Amino acid sequence: MSRVFNDEPHVSEAIKDRVRAAAAALNYHPNVFAQSLVRRRSHLIGLVYEKPSASYVVELQMGVLDRLQGERYRLIVIPIQSAQDNASEIVGLLRAAALDGVVLAPPASDHPLILAQLEAAGIRYARIAPSRQLELGSSTLLDDVAGAQAVAAHVLSLGHRDIGIVKGDPTHAATDARLIGYGQAFRDAGCQLQLDRIETGLFTFDGGYAAARRLLERSDRPTAILAQNDEMAVGIMLAARELGLSIPEDLSIAGFDDAEVSRIAWPRLTTVRQPVFEMAVAATDMLIADLEGRAGERHTHHSNSLLVRDSTAALRPDPS
């Protein structure tokens with residue numbers, strides 16, 4: 001029976017079918033940990049992410065787990081406080097966990113020290129949405145620049161020119177990529193980003209709220225705000241309402257990600273959908289192929305899409 005469940009060669013398909021049928025009748029399941037001792041493999045795959053929004057974490061985990069269905073691998077979730085501050089400790093943690101491989105979510109998927117130490121340790125890995133050193137490992141790729149350009153172009157097409165921006169964590173590559181996309185849309189519309197209207201929100205609700213208060217308490221407050229994720233956008237909504245502003249009549253707000261909060265906020269949030277679940281599935285698939293020694297794609301490309309909802313509207317004429 002062990003030769004069948006260990007996929008050893010020289011066992012006929014007829015015998016495999018009979019053994020599997022008998023195992024099913026007896027409700028028998030092989031002991032994964034015993035197999036691991038024999039093969040000197042743990043059959044554990046790690047998922048490393050840094051304190052993103054709750055909905056992003058759920059999509060990541062569900063994507064990895066979906067791909068692991070029917071596989072002998074099990075998932076170990078490894079949240080970290082800061083890839084920037086803890087990079088030197090992360091690979092030691094992964095080695096101590098005896099993982100066969102790891103899926104890296106941003107910003108760990110872009111951190112040069114983490115990648116270098118994984119290479120040196122011989123730990124297989126797949127990266128979600130990296131933007132640097134794309135020759136390393138397998139990766140699922142997403143064009144953050146194009147997504148940001150699309151949402152900024154939408155807001156500009158509504159007549160807004162006094163536009164504030166709440167950017168994310170400066171250590172995340174997506175922050176710069178989305179700023180570049182905004183800038184391209186502004187140039188296409190014949191205007192420029194106003195640097196004094198860019199605030200940092202660190203990708204959090206509280207950060208978005210605080211950044212919005214700084215922007216909206218100005219005498220020349222913006223008529224629209226672009227937030228680099230939906231968590232910050234909802235924080236901006238709260239700040240606007242506290243100041244007596246109506247959305248979108250007095251202030252248009254657009255986010256990024258299509259997190260669950262964007263669909264339950266009121267008004268529903270205009271945003272950019274990232275296929276996080278699909279990227280997690282693809283990254284896990286490439287990692288398993290690498291661990292099993294199978295040839296396959298090393299990079300998959302995924303598209304984002306603009307979702308125009310109710311939080312953005314045409315600029316109202318100045319009553320004066």
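Biologist: What share of the contacts in the protein with a separation of 6 or more comes from residues 24 or more positions apart?

Modeller: Residues 24 or more positions apart account for 72% of those contacts. A contact here means heavy atoms within 4.5 Å. The model is predicted, and it holds 12 helices and 12 strands. Of its 320 residues, 51% count as buried.

Biologist: What makes the pairing of the six strands parallel or antiparallel, and in which order do the strands stand?

Modeller: The sheet is open, with the order E2-E1-E3-E4-E5-E11, and its pairing is parallel. One pair in this sheet is strand E1 (residues 44–50) with E2, joined in the parallel sense over seven bridges. Two strands count as paired if there are at least two bridges between them, so the seven bridges of E1 and E2 satisfy that condition. Within this pair, Ile-45 stands opposite Leu-75 in E2.

Biologist: Which strands are called edge strands?

Modeller: They are strand E2 (74–80) and strand E11 (299–302), each of which pairs on one side only. From one strand to the next, the twist averages 15°.

Biologist: How do you know that helix H4 packs on the sheet, and which strands does it touch?

Modeller: Helix H4 (residues 54–68) touches E1, E2 and strand E4 (124–128). The direction of H4 makes about 165° with that of E1. Angles over 145 degrees count as roughly antiparallel, so H4 is roughly antiparallel to E1.

Biologist: What joins strand E3 to E4, and is E4 covered or uncovered?

Modeller: Strand E3 (residues 101–104) and E4 run parallel and are joined by four bridges. Gly-101 stands opposite Arg-124 in E4. E4 is mostly covered, as four of its five residues are buried.

Biologist: Why is H5 described as parallel, oblique or perpendicular to H6?

Modeller: The axes of helix H5 (residues 83–96) and H6 come within 9 Å and cross at roughly 15°. Angles under 35 degrees count as roughly parallel, and therefore H5 is roughly parallel to H6. The crossing is right-handed. On the H5 side, Ala-83, Ala-87, Ser-88, Ile-90, Val-91, Leu-94 and Arg-95 take part; they meet Leu-113, Ile-114, Gln-117, Leu-118 and Ala-121 in H6. By class, this contact divides into nine nonpolar residues, two polar and one charged.

Biologist: Why does Pro-112 count as buried, partly exposed or exposed?

Modeller: Pro-112 is found in helix H6 (residues 112–121). Its relative accessibility is 49%. Exposed means over 50% and buried under 20%, so Pro-112 falls in between and counts as partly exposed. Pro-112 and Ala-87 are 25 residues apart in sequence and 9.0 Å apart in space, C-alpha to C-alpha.

Biologist: What makes H7 parallel or oblique to H8?

Modeller: Helix H7 (residues 144–157) and helix H8 (residues 173–188) have axes that come within 7 Å and cross at roughly 40°. That angle lies outside the ranges for roughly parallel, roughly perpendicular and roughly antiparallel, which means that H7 is oblique to H8. The crossing of H7 and H8 is right-handed. Residues in the contact include Val-145, Ala-148 and Leu-156 of H7, and Ala-177, Ile-180 and Phe-186 of H8. By class, the contact has 12 nonpolar, three polar and three charged residues.

Biologist: What makes the peptide bond between Pro-106 and Pro-107 cis or trans?

Modeller: Its omega is about 0°, and the bond is cis. Pro-107 has its place in the loop between E3 and H6. A cis peptide bond also joins Trp-266 and Pro-267, with an omega of about -5°. Pro-267 is found in the loop between helix H11 (260–264) and strand E10 (271–273). Most peptide bonds are trans.

Biologist: Which sign does the phi of Ala-129 have, and why is the residue called buried or exposed?

Modeller: Ala-129 has a positive phi of about 50°, although it is not a glycine. Most residues other than glycine have a negative phi. Ala-129 lies in the loop between E4 and strand E5 (138–142). Its relative accessible area is 16%; buried means under 20%, so Ala-129 is buried.

Biologist: How do you know whether Phe-203 is buried or exposed?

Modeller: Phe-203 has a relative accessible area of 15%, and by the cut-off of 20% it is therefore buried. Phe-203 is found in the loop between strand E7 (198–200) and helix H9 (205–216). Phe-203 has a positive phi of about 70° and is not a glycine.

Conventions
Residues numbered from 1 in each chain as written. Predicted model: local features only at pLDDT ≥ 70, side-chain atom pairs only at ≥ 80, totals over all residues. Heavy atoms only, no water. Axes fitted to C-alpha atoms, helices over the stretch in contact; angles between N-to-C directions. Helix = DSSP H or I, 4+ residues; strand = E, 2+ residues; numbered from the N terminus. Parallel < 35°, antiparallel > 145°, perpendicular 65-115°, else oblique. Left-handed = near helix turned anticlockwise from the far one by under 90°. Nonpolar A, V, L, I, M, F, W, Y, C, P; charged D, E, K, R; others polar. Buried < 20%, exposed > 50% of the residue type's maximum accessible area, 1.4 Å probe, protein only.
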